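User: I would like to go through this model term by term, and to have each label justified by the value behind it.

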Amino acid sequence: MSEIETLRADFLSKIKDINNKQDLDNIKTELFGKNGKITSLFKNIGKIEADKKKDFASNLNSLKNDLLSEINKISSELEIKEINSKLKNEKIDITLPVRNYVEGKIHPVSQVIDEISSIFSEIGFSVEEGPDVENEYNNFTALNTPDNHPARDMHDTFYLNNEKELLLRTHTSPVQIRTMIKDKPPFKIIAPGRTYRSDSDQTHAPMFHQVEGLHIDKNINMAHLKGCLNYFIKEFFEVKKIKMRFRPSHFPFTEPSAEVDIGYEIKDGKIIIGEGDKWLEILGCGMVHPNVLKNVKIDTKKFQGYAFGIGIDRLAMLKYGINDLRAFFECDYRWLNHFGFDPLDVPTNYRGLSR
Ligand code: PHE
């Protein structure tokens with residue numbers, strides 16, 4: 001056998017048996033390194049007799065190609081093996097039950113939004129959402145609040161451009177408009193979310209939360225509104241009896257309009273809802289103004305209804321005994337640990353809202 005054939009037989013079988021990268025690298029050097037076997041043969045071509053040179057060179061080339069392709073094949077096999085064993089070691093059994101989930105906490109505002117959604121869904125409301133960045137039409141004009149209406153100033157609006165076309169919504173009421181433009185009546189929705197006004201003290205934050213309610217159908221009247229809110233407050237505070245007071249008020253998008261206070265007292269430093277003679281305003285409401293319905297092309301001879309806007313942060317403060325609104329938005333981990341909720345304890349009406 002020629003030297004080339006011996007090399008071929010020897011090394012092809014050696015390469016086949018290799019099972020780690022290091023050995024493969026060693027063989028590569030042994031063959032193709034500076035003083036490697038194949039390298040030296042190439043160097044010696046010049047010394048070979050002229051008539052054998054061509055054959056020798058072509059045999060040597062084919063040997064080189066065969067060895068290289070075998071080396072590449074083994075190298076990629078080893079790579080796949082390595083990846084597979086890595087994957088096997090890093091495997092996580094996602095069907096195992098979670099053990100240490102209690103690390104994070106749900107913010108009281110998120111918890112209260114879940115509670116509110118659960119309570120209203122029991123009586124047939126569905127949840128809608130709208131964007132924080134609104135246009136001036138949805139936030140004001142369509143809600144019967146024309147240019148120069150004093151309510152526009154009262155809302156301390158954050159405008160986003162000089163033309164005052166874009167703004168951070170000052171209430172969740174624009175979701176009423178979005179919902180009524182999108183679908184046909186009847187409507188029975190709530191819309192929780194963030195709202196913004198340039199205002200900040202112990203009971204006001206520039207970003208706060210509201211939940212809008214809208215119920216439009218045939219023959220809906222103020223008694224339905226009262227019944228609905230009465231049910232909601234009782235469920236939310238988990239009490240059998242509440243004191244509720246409707247005070248006449250004004251909103252451009254409702255007529256008549258009212259603000260609602262709930263009665264409470266403080267006993268041993270604790271807030272008790274439904275007793276005592278203190279009153280706290282928690283929401284605005286009324287019968288949707290016919291102009292609003294006309295703006296969204298609803299036939300006011302057939303349909304009417306009520307709307308309300310509840311301050312979520314206030315409800316959370318009352319229910320969970322938190323006395324400074326600003327703490328909600330300071331992201332203090334210790335505060336969150338104290339007032340936060342278990343992530344897996346999702347509130348439902350039948351299981352209990354706050355356990
Ligand atoms: N959007 C009103 C506010 O933010 C609240 C409200 C909503 C009043 C719906 C009436 C009807 O003050």
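Analyst: What follows takes up the ligand site, the domains and the backbone in turn, for a model that is predicted.

User: What makes the pair formed by His 171 and the ligand a polar contact?

Analyst: A polar contact requires a pair of N or O atoms within 3.5 Å. An N or O atom in the side chain of His 171 is 2.9 Å from a nitrogen atom of the ligand, so the pair meets that cut-off and is called a polar contact. The side chain of Ser 173 also places a polar atom 2.9 Å from a nitrogen atom of the ligand, while for Arg 197 the side-chain N or O atom is 2.9 Å from an oxygen atom of the ligand. Of the 320 Å² that the ligand exposes when taken alone, the protein buries 92%.

User: Which residues come nearest to the ligand, and what makes a residue count as near?

Analyst: A residue counts as near if one of its heavy atoms lies within 4 Å of the molecule. There are 14 residues around the ligand, and His 171, Ser 173, Arg 197, Gln 210 and Gly 309 come nearest.

User: How are the residues of the shell divided by type, and why would a glycine there be counted as polar?

Analyst: The shell around the ligand divides into 5 nonpolar, 7 polar and 2 charged residues. Gly is placed by convention among the polar residues, and therefore a glycine is counted with them.

User: Which strands supply at least two residues of that shell?

Analyst: Strand 5 (207-217), strand 9 (278-288) and strand 10 (304-311) each do so, and strand 10 gives the largest share, with 3 residues. The space taken by the ligand is, moreover, the largest pocket.

User: Where do the domains lie, and what separates their centres?

Analyst: The domain assignment gives domain 1 (3-89) and domain 2 (108-351), and their centres, taken over C-alpha atoms, are 77 Å apart.

User: Why is the bond between Pro 185 and Pro 186 worth singling out?

Analyst: Most peptide bonds are trans, so a cis bond is a departure from what most bonds show. The bond joining Pro 185 and Pro 186 is cis, with omega about 5 degrees, and Pro 186 is in the loop between helix 8 (174-182) and strand 4 (187-196). A cis bond also runs from Glu 255 to Pro 256, with omega near -5 degrees, and Pro 256 lies in strand 7 (residues 254-267).

User: What is the phi of Asn 144, and where is the residue placed?

Analyst: Asn 144 is not a glycine, yet has a positive phi of about 60 degrees. Most residues other than glycine have a negative phi. Asn 144 is found in the loop between helix 6 (136-139) and helix 7 (150-154).

Note on methods: Residues numbered from 1 in each chain as written. Predicted model: local features only at pLDDT ≥ 70, side-chain atom pairs only at ≥ 80, totals over all residues. Heavy atoms only, no water. Polar contact = N/O pair within 3.5 Å; in protein donor to acceptor, adjacent residues only side chain to side chain. Areas by Shrake-Rupley, 256 points an atom, 1.4 Å probe, with all protein chains shown as cover. 1 Å grid on protein atoms, 1.4 Å probe; cavity = no way out; pocket = protein on both sides within 12 Å on 5 of 7 lines; lining within 4 Å. Sits in = over half its atoms within 2 Å of the grid points. Helix = DSSP H or I, 4+ residues; strand = E, 2+ residues; numbered from the N terminus. Domains from an automatic or database assignment.
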